[in-house]
Amino acid sequence: MAQAMRPNSSSLFATDGKPHPLQDTLVVVTLVLGLLAFITGLLFHSLHLLSSWAGLVGILTGAYGMFISITTRERFVVIIGLGASAVGFFLGMAHGGLFGGLLGR
């Protein structure tokens with residue numbers, strides 16, 4: 001029996017065959033910010049400003065990405081980015097925080 005073939009979607013994360021440009025952008029931004037925050041928080045203690053701010057922005061973009069995500073693939077990658085952002089944020093906070101002595105003392 002012949003079955004109709006669906007065309008491949010242009011999105012790597014969409015399993016419903018429709019493009020999701022906003023969701024895909026948020027997935028990539030969250031993952032990049034999460035990796036940046038995690039790596040700088042773990043390996044470079046003097047870059048606590050970068051890791052804490054990248055982690056905070058990654059948490060916010062990931063939360064919004066989770067809110068508007070449509071497919072399971074999008075949610076899976078956003079959760080990985082959110083976890084990395086949170087760990088990087090907490091490491092950045094432990095090493096000096098968001099302002100790192102720039103305000104008051």
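Is Leu-35 buried, partly exposed or exposed? In this predicted model, Leu-35 counts as partly exposed, because its relative accessibility is 45% and that class lies between the 20% and 50% cut-offs. The residue lies in helix H1.

Leu-35 also belongs to a nonpolar surface patch of about 830 Å². The other members are Leu-36, Phe-38, Ile-39, Leu-42, Leu-43, Phe-44, Leu-47, Leu-50 and Val-87. H1 supplies the largest share of the patch, with 6 residues. For the protein as a whole, the accessible surface comes to about 6700 Å². Carbon and sulfur atoms account for 72% of that surface.

The fold contains 3 helices and 0 strands. Read from the N terminus, the order of elements is α-α-α. Of the 105 residues, 36% are buried. Contacts with a sequence separation of 6 or more were also examined: 75% of them join residues 24 or more positions apart.

Helix H2 spans residues 48-68 and has 21 residues. The distance from its first C-alpha to its last is 30 Å, close to the 30 Å expected at 1.5 Å a residue. Several residues of H2 are buried, including His-48, Ser-51, Ser-52, Ala-54 and Thr-61. Gly-55, Gly-58, Gly-62 and Gly-65 are buried as well, as is Ile-68. The buried residues of H2 pack against two helices, H1 (21-43) and H3 (72-95).

Contacts of H1 with other parts of the chain can be followed at two residues. The first case is Gln-23, which is placed in H1. Gln-23 is buried, because its relative accessible area is 14%, under the 20% cut-off. Its side chain reaches the backbone oxygen of Ile-68 at 3.2 Å. Ile-68 is itself among the buried residues of H2. Neighbours within four places in sequence aside, Gln-23 is in contact with Ile-68, Ser-69, Ile-70 and Glu-74.

The second case is Gly-81, found in helix H3. Gly-81 counts as buried because its relative accessibility is 0%. With residues up to four places away in sequence left out, Gly-81 touches Thr-30, Leu-31 and Gly-34. Leu-31 and Gly-81 are 50 residues apart in sequence. In space, their C-alpha atoms are 4.1 Å apart.

Conventions: Residues numbered from 1 in each chain as written. Predicted model: local features only at pLDDT ≥ 70, side-chain atom pairs only at ≥ 80, totals over all residues. Heavy atoms only, no water. Helix = DSSP H or I, 4+ residues; strand = E, 2+ residues; numbered from the N terminus. Expected span 1.5 Å × (residues − 1). Buried < 20%, exposed > 50% of the residue type's maximum accessible area, 1.4 Å probe, protein only. Contact = heavy atoms within 4.5 Å. Polar contact = N/O pair within 3.5 Å; in protein donor to acceptor, adjacent residues only side chain to side chain. Patch = residues over 30% accessible without salt bridge, like charges linked within 9 Å, V, L, I, M, F, W, Y side chains within 5 Å. Areas by Shrake-Rupley, 256 points an atom, 1.4 Å probe, with all protein chains shown as cover. Salt bridge = Lys/Arg side-chain N within 4 Å of Asp/Glu carboxyl O.
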